[in-house]
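Let's take a walk through this structure together. Have your viewer open and follow along.

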Amino acid sequence: MKILVLNSGSSSQKSALFNLERDSPADPVPPLWEGKLQWGGDKEELRIRNNKGAELRREGKAGVHRASIAAMLESLWAGPSAAVKSRDEIAVVGHRIVHGGPGLTEPTRVTPEIKQDIENVAAIAPLHNQAGLEGIELIETLLPSIPQVAVFDTGFHRTLPMQAKVYAGPYEWYEQDIRRYGFHGINHEYCAHRAAQLLKRNSASLKIITCHLGNGCSLCAIDGGKSIDTTMGFTPLEGLMMGTRSGSVDPGILTHLVRSGGVKPEDLDAILNHKSGLLGISGISSDMRDVLAAAAKGNARAKLAFDIFIHRLQSEIGSMAASLGGLDALVFTAGIGENSPQVREAACSRLKFLGIELDAGANAGAKPDAEVSTATSRVRVLVITAQEDWSIARECIQFA
């Protein structure tokens, strides 16, 4: 069956079409078609390709996001990049929804009630949930008779124990559903299963830390296939330093900024989500590749941004290992995790006390999925390709 996946973000829209059967093997398969729209300032970049080799690339002035996404999706069944003859061949559409709140933890068919539930927690993940809802509404227009399925990034973290998910504020916070939810769960879960496959081990016997490092970054401590701790929290802002997000900061800084009169409460969201992280420290870019290039040329702020990123990453890996009470495997995934040997090398450089030894040669030339630890390393270090879209498609089979 043909399954279309929409992965909607605030600055990008990724889509992919998969052909899967109910008894499809557990290994990822390449999509029949994939498209990506990226927005930056007043610019828009479109990339489309199908499994027959047809490819389309276009850059230009950003238009209305909804219209641009619609045009990208229509190229799936019309034009030189088409992968199906008709939109009617699509059996189901799956959506990555970042925040499911306390009630939405399992993949579910989209109904008006589910849309309202997603809307109710949109304020917690302002960069993402609204984009997901817009994707759902666009499909209602383009493919009105096709069932839609919401798959939640928070769902995998439903197994967090109380001591990991309850904040040390008033207990009333927890009663008001203010708690740690965790994010990137779709990929954290996939990487745990994939690591077990690569290591030829039963996932129930493994203690794994997965490092999802991209524009958004989070770690997850996975014990026996279940999430027991993670770095993101009530929102996707907590935890590691990210592309434009600060990660965890002393909350006293925020009250100080407001009380000093220089920052209004409504400004804090923009500061923490859009003007911090790699961009805020380097003053150059939110892209790790740009930061590394500038640091190599002697830019002090770029080097500082990299050093802070690594310091926070090492600290949180140590924290996750403590939560697990041991460690069998460390996984790097997503854009930075998969493609930056410098980040992997620097992150592991002070983790030998955990039994982590990186093979410099294997790390430098790693092409996921691969092992980059030495033969004598007590902890296996893996680089695994993120497979969020395929994982979402697999979840949709039961709804077709």
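Helices (H or I, at least four residues) and strands (E, at least two) are taken here as DSSP runs, numbered from the N terminus. With that naming in hand, K200 belongs to the loop between α6 (185-199) and β9. Please keep in mind throughout that this is a predicted model.

K200 is a friendly place to begin. Its phi is positive, about 55 degrees, although the residue is not a glycine. K200 is exposed, because its relative accessible area is 75% and the cut-off for that word is over 50%. A334 also has a positive phi, near 75 degrees, and is likewise a residue other than glycine. Is A334 buried or exposed? With a relative accessible area of 7%, A334 is buried, and its place is in helix α12 (residues 334-339).

A334 also leads us to the interior, since L213 touches A334 and the general trend there is a familiar one. In soluble globular proteins, nonpolar side chains tend to be buried together. The largest nonpolar core of this model has 45 residues, and L213 and F309 are the ones that touch the most other members. Which elements give two or more residues to this core? They are the strands β9 (207-213), β10 (217-223), β12 (329-333) and β14 (380-383), together with the helices α10 (288-296), α11 (300-324) and α13 (341-348). The top contributor is α11, with 10 residues.

If you centre the view on L213, you can trace its surroundings. Leaving out residues up to four places away in sequence, L213 touches L240, F309, L313 and V343. The contacts of L213 also include a stretch of the chain made of F332, T333, A334, G335, I336 and G337. Apart from this core lies another, of 31 residues, with A16, C191, L199 and W390 among them.

Now let's turn to the N-terminal part of the chain. Helix α1 (residues 65-74) has S68, I69, A70, M72 and L73 buried. What covers these buried residues includes the strands β1, β2 (12-19), β3 (33-40) and β4, as well as helix α3 (129-142).

Two of those covering strands are worth a closer look. In β1 (residues 2-8) sits S8, which counts as buried because its relative accessibility is 3%. The side chain of S8 makes a polar contact of 2.8 Å with the side chain of Q13. Beyond its neighbours up to four places away in sequence, S8 touches H128, A131, G132 and G135 in addition to Q13.

In β4 (residues 43-50) we find R47, which counts as partly exposed because its relative accessibility is 34%. R47 is in contact with E34, G35, K36, L56 and R57, leaving aside neighbours within four places in sequence. How far apart are the C-alpha atoms of R47 and C217? They are separated by 24 Å, with the two positions 170 residues apart along the chain.

Next comes an open space to explore. The second largest pocket holds about 710 Å³. Of the 28 residues that line this pocket, Y167, F234, T235, L237 and E238 are the closest to its centre. The lining divides into 17 nonpolar, 8 polar and 3 charged residues. Both α7 (251-259) and α8 (265-274) supply at least two residues of this lining, and α8 gives the most, with 4 residues.

The two ends of α7 have details of their own. At its start, a side-chain oxygen of D250 comes to within 2.7 Å of the backbone nitrogen of G252. After α7 comes G261, which has a positive phi, near 90 degrees.

Our last stop is around β13. In the loop between α14 (360-364) and β13 you will find D369, and the peptide bond from P368 to D369 is cis, with omega near 0 degrees. Strand β13 (residues 370-371) contains A370. Which residues does A370 touch, not counting those up to four places away in sequence? A370 touches V381, L382 and V383. The C-alpha atoms of A370 and E338 are 9.8 Å apart, while the two residues are 32 residues apart along the chain.

Notes: Residues numbered from 1 in each chain as written. Predicted model: local features only at pLDDT ≥ 70, side-chain atom pairs only at ≥ 80, totals over all residues. Heavy atoms only, no water. 1 Å grid on protein atoms, 1.4 Å probe; cavity = no way out; pocket = protein on both sides within 12 Å on 5 of 7 lines; lining within 4 Å. Points joined across faces, edges and corners; volume = space filled by probe spheres on them. Nonpolar A, V, L, I, M, F, W, Y, C, P; charged D, E, K, R; others polar. Core = buried A, V, L, I, M, F, W, Y, C linked by side-chain atoms within 4.5 Å. Buried < 20%, exposed > 50% of the residue type's maximum accessible area, 1.4 Å probe, protein only. Contact = heavy atoms within 4.5 Å. Polar contact = N/O pair within 3.5 Å; in protein donor to acceptor, adjacent residues only side chain to side chain.
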